[in-house]
Amino acid sequence: MDYITDPRAIETKSMEIIDGLIGPLPVSEEERKVIKRVVHTTGDPEFAKLVRWSPGAVPIGIAALARGASVFTDVNMVRVGVNSRLLSVKGGNAVCAISEPRVVAEAERTGKTRAMTAFDLLAPEMNGAVIAIGNAPTALFHLLSLVEAGRCRPALIVGTPVGFVGAAESKEALTQADVPYITVTGNKGGSNIAAAIVNAMLLQMP
């Protein structure tokens, strides 16, 4: 049986197939590359209909990463999915504090989730950063409250939490917030999608 073995050839062929599956879209080339990366990651062309962003969000994210912005994540699954090699080229880091002892201790004391607590403690460091939330709706709701309270001002929020309790609602709240965002509508989402969106922007850095 003949099959492609070269990783670059596989990805190139995949993207060609995805182009045909999603067809023409009323988006920029930068935005289309984000959509294609999400479809590539999920294997589901239907995601092309679910990706949403605020005006200029994709170039804003690319510019922030090119300036060396770090990526703060709600869970380690998003952090390890982000291409740390590309991120480090411009001086950025992928940060997830959910397992830090101070976060664990404070979460136990307050009864908040560790993802919420991590954002509480990291808020002063998140100005100008890219925040990627792929798992916890509570983390996205809480981050939006921190932004509204003026405790942090990220360059961009990538919010794709998944599930049936609060996920769709948290992403809807994100679309109403005064902050650049990229999201997927409804219950679908996940850490792999959040990482894929960040990686799509990293791959487009000048």
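Colleague: How many helices and how many strands does the protein chain have?

Modeller: This is a predicted model, and in it the protein chain has 10 helices and six strands.

Colleague: Where does UniProt place the domain feature, and what are the helix and strand percentages over those residues?

Modeller: The UniProt record, an unreviewed entry, places the feature "domain: Cobalamin biosynthesis precorrin-8X methylmutase CobH/CbiC" at residues 10-202. Over residues 10-202 the chain is 53% helix and 10% strand, and the C-alpha atoms at the two ends of that range are 20 Å apart.

Colleague: What radius of gyration does the protein chain have, and what would a compact globule have?

Modeller: A compact globule with 206 residues would have a radius of gyration near 17 Å, and because the protein chain has 17 Å, the value agrees with that expectation. Taken along the principal axes, the box that the C-alpha atoms fill is roughly 60 × 35 × 30 Å.

Colleague: What percentage of the residues count as buried, and what percentage of the contacts join residues at least 24 apart?

Modeller: Of the 206 residues of the protein chain, 50% count as buried. As for contacts, if one takes those between residues at least 6 apart in sequence, 63% join residues at least 24 apart.

Colleague: How should I read the surface and the charges, that is, what is the accessible surface of the protein chain, and how far apart are the mean positions of its positive and negative charges?

Modeller: The accessible surface comes to about 9,800 Å², with 55% of it belonging to carbon and sulfur atoms. The protein chain has 20 positive and 20 negative charges, and their mean positions are 3 Å apart.

Colleague: Turning to single residues, is Val-51 buried or exposed?

Modeller: The cut-off for buried is under 20% relative accessible area, and Val-51 counts as buried because its relative accessibility is 6%. Val-51 is found in strand β1, residues 51-53, and, not counting residues up to four places away in sequence, Val-51 touches Ile-35, Val-38, Ile-182, Thr-183 and Val-184. By way of a distance, Val-51 and Ala-155 are 104 residues apart in sequence and 19 Å apart in space, C-alpha to C-alpha.

Colleague: Helix α2 holds two residues I would like to read together, Lys-36 and Thr-41; what is the relative accessibility of each?

Modeller: Lys-36, whose place is in helix α2 (residues 29-42), has 12% relative accessibility and therefore counts as buried. Thr-41, which also lies in helix α2, has a relative accessible area of 32%, so Thr-41 is partly exposed.

Colleague: Which residues do Lys-36 and Thr-41 touch, leaving aside neighbours within four places in sequence?

Modeller: With those neighbours left out, Lys-36 touches Met-15, Ile-18, Asp-19 and Ile-22, whereas Thr-41 is in contact with Asn-192 and Ala-196. The C-alpha atoms of Thr-41 and Asn-192 are separated by 7.1 Å, although the two residues are 151 residues apart along the chain.

Colleague: Where is Gly-189 found, and is Gly-189 buried or exposed?

Modeller: Gly-189 is found in the loop between β6 (181-184) and α10 (191-202), and with a relative accessible area of 17% Gly-189 is buried. Apart from neighbours within four places in sequence, Gly-189 is in contact with Thr-160, Pro-161, Val-162 and Val-184; Val-184 is also among the residues that Val-51 touches. Gly-189 and Ala-107, which are 82 residues apart in sequence, are 25 Å apart in space, C-alpha to C-alpha.

Notes: Residues are numbered from 1 along each chain as its sequence is written. This is a predicted model: local features need pLDDT of at least 70, side-chain atom pairs count only at pLDDT 80 or more; totals for chains, interfaces and linings use all residues. Side-chain values use heavy atoms; hydrogens and water are left out. UniProt positions are given in the numbering used here, feature names are shortened, and annotations may be inferred rather than shown by experiment. Helices (H or I, at least four residues) and strands (E, at least two) are DSSP runs, numbered from the N terminus. The radius of gyration is taken over C-alpha atoms; the globule rule is 2.2 Å times the number of residues to the power 0.38. Buried means under 20% relative accessible area, exposed over 50%, partly exposed in between (1.4 Å probe, protein chains only). Contact means heavy atoms within 4.5 Å. Accessible areas come from the Shrake-Rupley method with a 1.4 Å probe; for residues, only the protein chains shown count as cover. Lys and Arg count as positive and Asp and Glu as negative; His and the chain ends are not counted. The place of a charge is taken as NZ of Lys, CZ of Arg, CG of Asp or CD of Glu.
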